[in-house]
Amino acid sequence: MDLGIEGNTALVTGSSSGLGYASAKALAEEGADVVINGRDTKKLEKAVKELRKTASGKVIGISADLSKEEDIVHLVDGTIEEFGTIDHLVTCVGGPPSKKFTATEEEEWYGAFDTLLMSVVRLVQETQRYLKEGEGTIVNITSISVKESIDDLVLSNSVRMGVIGLMKTLSRELAPEIRVNAVLPGYTETERVEELIDQSIERGDISDYREGLNGLSENIPLQRVGQPEELGDVVAFLCSERSSYMTGAALPVDGGWSRSNL
Ligand SMILES: NC(=O)c1ccc[n+]([C@@H]2O[C@H](COP(=O)([O-])OP(=O)(O)OC[C@H]3O[C@@H](n4cnc5c(N)ncnc54)[C@H](OP(=O)(O)O)[C@@H]3O)[C@@H](O)[C@H]2O)c1
């Protein structure tokens, strides 16, 4: 299937590894020019090199911390300087720490708010005028935790709901020029999942990585955790004209893990 995004420009945040990286890869392989981002410059450079091996369009990396407003301005300005416009904005950022409510400090709440929600607000504020010029799309990578709360992830369960409220509101306010959708990944084998399993091992809940992976797969009808490419392909589809009648949707990509009917 031709996604029809060749020559378009995509800004994919939080994309030097994991789900953002897989989304950038899918878009770059379809011929889009892609800007990837992360905080660690060495990791970012390595990811750019890797992506260029299979990309049809151009790939560059811009380092920025998405919890900081000035960094977001720098990221968008850098994208415009290089490519002149932005057709697709894909928002992704590292997840908050795994904690119970009673162990969560006030500053961690504000940190999660800045990183998960305000980063999306600011990215949209900075990019919307460019997205409006063409048939712009926004895809927010969030979590299946917006459908069903996940134990020990109080910050994710709470703050990400704000992103869904924002996505739905934007899908109405920015229509018809810009389409806005969200993807809700379930357990997908990235550094983030390795980190969550390590935290469970530290808490003494499980003894090793394999046990952690098996535990996560237990309640998944497809009987395994997902691979990042499986999420990246859905993101590329939502950016493309193949999804031209979709806006305001929050799409689970979770192997059937969520039991929610809607
Ligand atoms: N993997 C899953 O199973 C899963 C499931 C549901 C939801 N999610 C959510 O999806 C998102 C991506 O997850 P992932 O598994 O792909 O994580 P990951 O492998 O840890 O990748 C996170 C990416 O975001 C970058 N990043 C982190 N914090 C940043 C910041 N403040 N500013 C700029 N870039 C930042 C990281 O690079 P630097 O560290 O160098 O900045 C990295 O490129 C997270 O919010 C996660 O909670 C993941």
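This is a short walk through the structure, one selection at a time.

Before you click anything, know that the model is predicted, with local features needing pLDDT of at least 70 and side-chain atom pairs counting only at pLDDT 80 or more, while totals for chains, interfaces and linings use all residues. Residues are numbered from 1 along each chain as its sequence is written, and side-chain values use heavy atoms, with hydrogens and water left out.

**Stop 1: strand 5**

Select residues 137-141, which make up strand 5. Helices (H or I, at least four residues) and strands (E, at least two) are DSSP runs, numbered from the N terminus. Five of the five residues here are buried, so strand 5 is largely enclosed by the rest of the structure. Buried means under 20% relative accessible area, with exposed over 50% and partly exposed in between (1.4 Å probe, protein chains only). Look at the side chains: Thr137, Val139 and Ile141 point one way, and Ile138 and Asn140 the other.

Now pick out asparagine 140, which has a relative accessible area of 1%. Which side chain does asparagine 140 join through a polar contact? It's threonine 91, at 2.8 Å. A polar contact is a pair of N or O atoms within 3.5 Å; within protein, one must be able to donate a hydrogen and the other to accept it, and residues adjacent in sequence count only if both atoms are side-chain atoms.

**Stop 2: the neighbouring strands**

Add strand 4 (residues 88-91), which pairs with strand 5 in the parallel sense over four bridges. Two strands pair if DSSP finds at least two bridges between them. Leucine 89 has isoleucine 138 as its bridge partner in strand 5.

Next, show strand 6 (179-185). Strand 5 and strand 6 are parallel too, with five bridges, and alanine 182 is the bridge partner of asparagine 140. To get from strand 5 to strand 6, the chain goes through helix 5 in a right-handed β-α-β crossover. Right-handed here means that, with the strands pointing away from the viewer, the path from the first strand over the helix to the second runs clockwise.

Strand 6 has both faces covered: Arg179, Asn181, Val183 and Pro185 are buried on one side, and Val180, Ala182 and Leu184 on the other. Strand 7 (residues 250-253) runs parallel to strand 6, joined by four bridges; look for leucine 184 opposite its bridge partner, proline 252.

**Stop 3: helix 3**

Jump to residues 69-83, a helix of 15 residues. Its buried residues include Ile72, Leu75, Val76 and Phe83. What do the buried residues of helix 3 pack against? You'll find strand 1 (9-12), strand 2 (33-38), strand 3 (59-63) and helix 4 (106-131). Just after the helix comes glycine 84, whose phi is positive, near 85°.

**Stop 4: the cores**

Finally, colour Leu11, Leu75, Leu123 and Ile138, the residues with the most contacts inside the largest nonpolar core, which has 48 residues. A nonpolar core is a set of buried Ala, Val, Leu, Ile, Met, Phe, Trp, Tyr and Cys residues joined through side-chain atoms within 4.5 Å. Helix 4 gives the most to this core, with eight residues. Another core, of 30 residues, lies apart from it, with Ala26, Ala55, Val183 and Val234 among them.

End on valine 234, in helix 8 (residues 228-239). Not counting residues up to four places away in sequence, valine 234 touches Val183, Leu251 and Val253, where contact means heavy atoms within 4.5 Å.

How values were computed. The expected span of a helix is 1.5 Å times one less than its number of residues.
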